[in-house]
Amino acid sequence: MTPKENPKIIINQPYRFEHPFDIKQFIIAICKEKKIKTGTFEFSFIDKETITKINTTHLNHNNPTDTITFNLGSTSEPDADIYICIPVAKENALTFKTNFESELKLLIIHTLLHTIGYTDTSAKEKKAMSNEQTRLLNQLTIQKNETKF
């Protein structure tokens, strides 16, 4: 792929954590699978206090959550601010009996799907989104064995 065929990806890490995989390459792989060639995705990996402030300010929920995604562009050309709370992701991994790497990958996939129009407000939408998340995670896990990210 030429640089013009990849969206711009920005990684901010105010909350420091050990990366179990190459996050940027994983995002690029998702974009390739979903044929996302343009746009900007700014990922910020943050703590509970910060995500609670964002959640309260923008969504009127006074509690931490795992992810919050704002797409200021369109579904065809996203301009996304994506926040992932690492402590909540680690808690989710324990709750759902998975490892941190799989949970973090799932959250990244989830946020990217939101930016291209997937929603999860109804049971039908949740099922469709969940199925696509699982498909992508499985597909990219197979690819990981072929190329490292």
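Where is the place of Glu103? Glu103 has its place in helix 4, which covers residues 100–115; the points below come back to this residue after the setting has been described.

1. Basis of the note. This is a predicted model, in which local features need pLDDT of at least 70 and side-chain atom pairs count only at pLDDT 80 or more, while totals for chains, interfaces and linings use all residues. Residues are numbered from 1 along each chain as its sequence is written, and side-chain values use heavy atoms, with hydrogens and water left out. Helices (H or I, at least four residues) and strands (E, at least two) are DSSP runs numbered from the N terminus.

2. The sheet. Four strands make up an open sheet with mixed pairing, in the order 1-2-4-3, where two strands count as paired if DSSP finds at least two bridges between them. Strand 1 (8–12) and strand 3 (67–71) stand at the edges with a single partner strand each, so one side of each is left without a neighbour in the sheet. From one strand to the next the twist averages 10°; for this and the other angles, axes are lines fitted to C-alpha atoms, for helices over the stretch in contact, and angles run from 0 to 180 degrees between N-to-C directions. Strand 3 pairs with strand 4 (residues 79–85) in the antiparallel sense over five bridges, and Ile68 stands opposite Tyr83 of strand 4.

3. Helices on the sheet. Helix 2 (residues 48–59) packs on the sheet and touches strand 2 (40–46), strand 3 and strand 4, with a direction that makes about 50° with that of strand 3; contact here means heavy atoms within 4.5 Å. Helix 3 (residues 86–95) lies across strand 2 and strand 4, and runs at about 60° to strand 4.

4. The nonpolar cores. A nonpolar core is a set of buried Ala, Val, Leu, Ile, Met, Phe, Trp, Tyr and Cys residues joined through side-chain atoms within 4.5 Å, and buried means under 20% relative accessible area, exposed over 50% and partly exposed in between, with a 1.4 Å probe and protein chains only. The largest core has 29 residues, of which Phe43, Ile84, Leu104 and Ile108 touch the most other members. At least two residues of this core are supplied by each of helix 1 (23–33), strand 2, strand 4, helix 3, helix 4 and helix 5 (123–146), and the largest share, seven residues, comes from helix 4. Leaving aside residues up to four places away in sequence, Leu104 touches Phe17, Phe21, Ile23, Phe45, Ile84 and Ile86. A second, separate core of six residues includes Ile46, Ile54, Ile68 and Val88.

5. Glu103 again. Glu103 is buried yet has no salt bridge, and the nearest side chain of opposite charge, Lys105, is 12 Å away; Lys and Arg count as positive and Asp and Glu as negative, while His and the chain ends are not counted. A salt bridge is a side-chain nitrogen of Lys or Arg within 4 Å of a carboxyl oxygen of Asp or Glu. Apart from residues up to four places away in sequence, Glu103 touches Ala89, Asn92, Ala93, Phe96 and Thr98.

6. Salt bridges. By the rule just given the count comes to six salt bridges, and Glu33, Lys34, Glu132 and Arg135 are linked in a network of them. Arg135 and Glu33 meet through their side chains at 3.9 Å, N to O; because Arg135 lies in helix 5 and Glu33 in helix 1, this pair ties together parts that are 102 residues apart in sequence. The side chains of Lys34 and Glu132 meet at 2.8 Å, N to O, and as Lys34 lies in the loop between helix 1 and strand 2 and Glu132 in helix 5, the pair ties together parts that are 98 residues apart in sequence. Glu132 also forms a salt bridge with Arg135 (2.9 Å, N to O); being three residues apart in helix 5, Glu132 and Arg135 are separated by about one helical turn. Within this network Glu132 is buried, with a relative accessible area of 10%, whereas Arg135 is partly exposed at 36% and Glu33 is partly exposed at 25%.

7. Positive phi values. Lys35, in the loop between helix 1 and strand 2, has a phi near 60°, a positive value in a residue other than glycine, and counts as exposed at 66% relative accessibility. Asn60, found in the loop between helix 2 and strand 3, has a positive phi near 55° and is likewise a residue other than glycine; Asn60 is exposed, with a relative accessible area of 68%.
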